[in-house]
2 protein chains.
Amino acid sequence: MLGLLDAKKRGRPDIAHVTLLEILSTPLNKEGRLRSYIHTINDYVIHVDERTRLPRNYDRFVGLVEQLFLDRRVPPEGEPLLSLKKMSVKELVETVRPTMTVAFSSVGTPTTIQQVCRDLAKERHPAVIIGGFAHGHFSETTSQVADMVVSIYDKPLDAWVVASRIVYEYEVESAK
Amino acid sequence: MLGLLDAKKRGRPDIAHVTLLEILSTPLNKEGRLRSYIHTINDYVIHVDERTRLPRNYDRFVGLVEQLFLDRRVPPEGEPLLSLKKMSVKELVETVRPTMTVAFSSVGTPTTIQQVCRDLAKERHPAVIIGGFAHGHFSETTSQVADMVVSIYDKPLDAWVVASRIVYEYEVESAK
């Protein structure tokens, strides 16, 4: 599965930090079955290698991201763990070519996480997009690259809660 | 449900921070159905009120915990969001009197998260204990207060991954 955190509205690296800590530690990621991307302000996309051991300290995470914006990759030599490209959400989706893309938003079509993950697990190469902003919703462009925009709870949820639930339920459904 | 993070071996407030961010944001907690405690080094227990809006910045969280150890409560006036008591895990369990207590450990009896949460959801007042240490397992005393010690994955998992899965699956099972 491919996971994209759209964090482009106003820098909120704390949301990306907690969400990445959550998903990189999951069995799905440890088994090499998850690819993680973050879309940032000004249309940059960070690819986070699944072997990345993210600093748990927030300030060190921010330092790492600053280094990434300078060098375009971290570490500067050898296999990159984090890499940065100038790219919109649309361009990323066109590059990775998912067979199905689902965006999660509290204003989407109401459904359950089980139902969505059942559908995702049937796909050869599914992708999910989660909003990583403090307020507001996806842009029109982001909604348009998704095959569907769904809501799993009637109130906004933090990105990391949504991410952890998708990964868990996808593990359960894809093991069936 | 009552959740206890046993973080008593070597101070690792980063584990408590991410785990609390994860569980305080869940529907279960927002609906007032989760009580969260942290057991720290030297047998202190922190009760985290469900309305607590935890700082997302790690250093500010550490500052808050330092203030808590000085004043025994945060904020110092009015309804406390965090409160501290000198108490062992055994004493806490004797005080809150759960009808069933399950501890999660990679060396426990193998099971699935669905099965455990199905059992927990049948209880009037269930409790779970999660290890919040970087290495090692529960002490003998902690294992003894639990009715069972279970393992949901054949390798160690970070505390926040375990916590988010328990809360999610408990929500699903208790809604049935």
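For these notes I take helices to be DSSP runs of type H or I with at least four residues, numbered from the N terminus. The model I am reading is a predicted one.

**Entry 1: helix 3 of chain A**

I began with A:Arg72, which lies just after helix 3 of chain A and takes a positive phi of about 70 degrees. I then turned to the helix itself. Helix 3 of chain A covers residues 58-71, 14 residues in all, and its first and last C-alpha are 20 Å apart, close to the 20 Å expected at 1.5 Å a residue.

Which residues of helix 3 of chain A are buried? I noted A:Tyr58, A:Phe61, A:Val65 and A:Leu68. Viewed down the helix axis, these buried residues fall within an arc of 70 degrees, so they line one face of helix 3 of chain A. As a general point, an α-helix has 3.6 residues a turn, so residues three or four places apart point the same way.

On the face turned away from the buried side of helix 3 of chain A, I found the exposed residues A:Asp59, A:Gly63, A:Glu66 and A:Leu70.

I next looked up what covers the buried residues. Within chain A, the cover includes helix 1, strand 3, strand 4 and strand 5. Helix 3 of chain B also takes part in covering them.

**Entry 2: the contact between the chains**

That led me to the contact, to which chain A and chain B give 19 residues each. On the side of chain B that touches chain A, helix 1 (13-24), helix 3 (58-71) and helix 7 (159-174) of chain B are the elements giving two or more residues. Helix 7 of chain B supplies the largest share, five residues. Sorted by class, this side of chain B has nine nonpolar, four polar and six charged residues.

**Entry 3: strands of chain A**

I followed strand 6 (residues 100-110) of chain A, which runs parallel to strand 7 (residues 126-131) of chain A and is joined to it by five bridges. In this pairing, A:Ala103 has A:Ile129 as its bridge partner. Between these two strands the chain passes through helix 5 (residues 113-121) of chain A, in a right-handed β-α-β crossover.

Strand 6 of chain A also pairs with strand 8 (residues 148-151) of chain A, again in the parallel sense over five bridges. There I saw A:Pro110 opposite A:Ser151.

**Entry 4: the sheet of chain B**

In what order do the strands of the open sheet in chain B lie? I recorded 4-5-3-2-1-7-6-8, eight strands with mixed pairing. Strand 4 (73-74) and strand 8 (148-151) of chain B are the edge strands, each pairing on one side only. Strand 1 (residues 2-7) and strand 7 (residues 126-131) of chain B run parallel, joined by five bridges. The bridge partner of B:Leu2 in strand 7 of chain B is B:Ala127.

Note on methods:
Residues are numbered from 1 along each chain as its sequence is written. Chains are lettered from A and ligands numbered from 1 in the order in which they are written. This is a predicted model: local features need pLDDT of at least 70, side-chain atom pairs count only at pLDDT 80 or more; totals for chains, interfaces and linings use all residues. Two residues are in contact if their C-beta atoms, placed from the backbone, lie within 7 Å. Ala, Val, Leu, Ile, Met, Phe, Trp, Tyr, Cys and Pro count as nonpolar, Asp, Glu, Lys and Arg as charged, and the others, Gly among them, as polar. Two strands pair if DSSP finds at least two bridges between them. A crossover is right-handed if, with the strands pointing away from the viewer, the path from the first strand over the helix to the second runs clockwise. The expected span of a helix is 1.5 Å times one less than its number of residues. A residue is buried if 20 or more other C-beta atoms lie within 10 Å of its own, exposed if 12 or fewer, and partly exposed in between; C-beta atoms are placed from the backbone. The arc is that of the directions from the helix axis to the C-beta atoms.
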